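Please read the following account with the coordinates open beside the text, so that each step can be followed on the model itself. The account moves from the whole chain to particular helices, and then to single residues.

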Amino acid sequence: MNNQEIVSKLWNLCNVLRDDGITYQQYVTELTYILFLKMCKETNAESTIPEEYRWDMLLAKQGLELKKFYKELLEHLGENCQGRVREIYQGAQTNIDEPKNLEKIITTIDQFDWYSAKEEGLGNLYEGLLEKNATEKKSGAGQYFTPRPLINVMTKLIAPQAGERCNDPACGTFGFMIAADAFVKKNTDDLYDLDVDEQEFQRTQAFSGCELVHDTHRLALMNAMLHDISGPIYLGDTLSNYGKQMKGYDVVLTNPPFGTKKGGERATRDDLTFPTSNKQLNFLQHIYRSLNKTGKARAAVVLPDNVLFADGDGEKIRRDLMEKCNLHTILRLPTGIFYAQGVKTNVLFFTRGTEEKGNTSEVWIYDLRSEMPSFGKTNPLKESHFDDFVKCYNAEDISARQETYSEENPNGRWRKFSYEDILARDKTSLDISWIKSESDIDGRSLAELLDDIKEKTLNISSAVAELEKLISGVEE
């Protein structure tokens, strides 16, 4: 039985829990508690778990005794153990009420062909489960899930190296850092020739992250452990003062959450130059401030369109970014690759300068959005869709890229804009489109216009609802 088959069977077990009212996300968290014990046994790593709470003890219980023991196990591991075990189980509670359902999950997991699973890699198995959860629309977990092909392309182009400190300030289940670790291992010929201290650095310090949601943090910890990564994964809010400690990185790879702070309040960080209620603008500030100033520290960040055109603080942050960093490339992503309807995104690639001023001279934009097919479950995004962009990005020298398309083909996807050109644009907007088709209106396709109308309608409806609440409160 290969990993894909195990993932499919694990996912189908969720049907067992429907009568208990378990959500998909709760199910994956519950599976994490149980899988951790089984995988510790399979990898001979049970020394971190007290003997009386190991897999074989759980497997031996049945009925009400099992339910009682399982609750006791979760509490004990979360309160009395140390290290990763304590982090994963801290505050853990079960949502499974029916003992027979719990017993079914445990016995099914025990019967899998774990020898074959270990051959393929338990980390790959677990990532497959997380991806399955994200691609299942009903789970809600994939609303802004970063597709694996996009993670791989971003990582390949940023090219993290052994000895560099890599970070994801909104790490989710730790996918970017897993990819960064895999890239380093694959592309460092003498990785196993590193001395003891260098190997320890790679395992315990090279890859780090921060996650706000407790249950997602557990998944990140488990994912890291199964990939033999022991770097710090903080449970906290990067946009609070807690995030001030996260700095001095050589590489940042991330897809921060979209939206505004609840209630519209501004970020609680007191060190951001331009505090705003827009989460992604605050994350962008945090990211370029967290890079060190060696001249080589770099980032690739997924951000929605509004970061490119927002006025006020948005314009100030774009100018600050282009002063402090070389914002050399923007990739305009196709729609439909995220499961939230109408989300339009880009990847910003930039390198932190050694000085605070004058680091961007030109910005290259690749339009992978216009005249592209609709992506989704029936037409998934593949790494091959990025082949032409990767070729353009990897020009011999970023500062001396050839304008391959614009002179010969004005409708081409690859364009260069000077810093002066961008400053001359209204609000220093980086929201630039030039590919036009017969169905375009002012450079936007009919589908994009429809998405804009839907988005504005939702915003108006939301505003009216808030107004009605206020009026109702006054009348009372």
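What follows is a walk through a predicted model, from its overall make-up to a few individual positions.

The protein chain contains 18 helices and nine strands. Of its 476 residues, 52% are buried. When contacts with a sequence separation of 6 or more are considered, 74% of them join residues 24 or more positions apart.

A convenient place to begin is helix α4, which covers residues 63-80. With 18 residues at 1.5 Å a residue, α4 should span 26 Å, and because its end C-alpha atoms are indeed 26 Å apart, the expected and the modelled lengths agree. The buried residues of this helix are Leu66, Lys67, Phe69, Tyr70, Leu73, Leu74, Leu77 and Gly78, a list in which a lysine and a glycine stand beside leucines and aromatic residues. These buried positions pack against four other helices, namely α2 (24-42), α3 (55-59), α5 (83-89) and α6 (99-110).

Helix α2 leads on to another packing arrangement, this time with a helix that comes much later in the numbering. Two packed helices are described by the angle between their axes and the distance between the axes. For α2 and helix α12 (residues 214-226), the axes come within 10 Å and cross at roughly 35°, and the crossing is left-handed. On the α2 side the contact is made by Gln25, Val28, Thr29, Thr32, Tyr33, Leu35, Phe36 and Met39, while α12 contributes Asp215, Thr216, Arg218, Leu219, Met222, Met225 and Leu226. Sorted by character, the residues of this contact comprise nine that are nonpolar, four that are polar and two that are charged.

Two members of that contact, one from each helix, show how it looks at the level of single residues. Thr29, found in helix α2, has a relative accessibility of 4% and therefore counts as buried, the cut-off being under 20%. Apart from its neighbours within four places in sequence, Thr29 is in contact with Asp215, Arg218 and Leu219. Leu219, for its part, lies in helix α12 and, at 2% relative accessibility, is likewise counted as buried. Setting aside residues up to four places away in sequence, Leu219 touches Gln25, Val28, Thr29 and Thr32, and also Tyr126, Leu130 and Thr173. Which distance separates Leu219 from Thr173 in space, C-alpha to C-alpha? The two C-alpha atoms are 5.5 Å apart, although the residues are 46 positions apart in sequence.

Aromatic side chains give another view of how separate parts of the chain are joined. The structure holds 14 aromatic pairs. In one of them, the ring centres of Trp11 and Tyr27 are 6.3 Å apart and the ring planes stand at 65°, so the pair is edge-to-face, a class that requires an angle over 60 degrees. Since Trp11 belongs to helix α1 (residues 3-12) and Tyr27 to helix α2, this pair ties together parts that are 16 residues apart in sequence. Both partners are buried, Trp11 with a relative accessible area of 7% and Tyr27 with 0%. Phe36 and Tyr89 form an edge-to-face pair as well, with 5.6 Å from centre to centre and 80° between the planes. Because Phe36 lies in helix α2 and Tyr89 in helix α5, the pair ties together parts that are 53 residues apart in sequence, and Phe36 and Tyr89 are both buried. Elsewhere, Phe349, Trp364, Tyr366, Phe389, Tyr393 and Trp414 form one aromatic cluster.

Finally, two loop residues deserve a look for their backbone geometry. Asp228, which is located in the loop between α12 and β3 (233-235), has a positive phi of about 60° although it is not a glycine. Thr428, in the loop between α17 (419-423) and α18 (446-475), also departs from glycine in identity while having a positive phi, here of about 50°. Are these two residues buried or exposed? Asp228 has a relative accessible area of 47% and is therefore partly exposed, whereas Thr428, at 0% relative accessibility, counts as buried.

Methods. Residues are numbered from 1 along each chain as its sequence is written. This is a predicted model: local features need pLDDT of at least 70, side-chain atom pairs count only at pLDDT 80 or more; totals for chains, interfaces and linings use all residues. Side-chain values use heavy atoms; hydrogens and water are left out. The expected span of a helix is 1.5 Å times one less than its number of residues. Buried means under 20% relative accessible area, exposed over 50%, partly exposed in between (1.4 Å probe, protein chains only). Contact means heavy atoms within 4.5 Å. Axes are lines fitted to C-alpha atoms, for helices over the stretch in contact, and angles run from 0 to 180 degrees between N-to-C directions. A crossing is left-handed if the near helix is turned anticlockwise from the far one by less than a right angle, and right-handed if clockwise. Ala, Val, Leu, Ile, Met, Phe, Trp, Tyr, Cys and Pro count as nonpolar, Asp, Glu, Lys and Arg as charged, and the others, Gly among them, as polar. Rings of Phe, Tyr and Trp (its six-membered ring) pair if their centres lie within 6.5 Å; planes under 30 degrees apart count as stacked, over 60 as edge-to-face and the rest as tilted.
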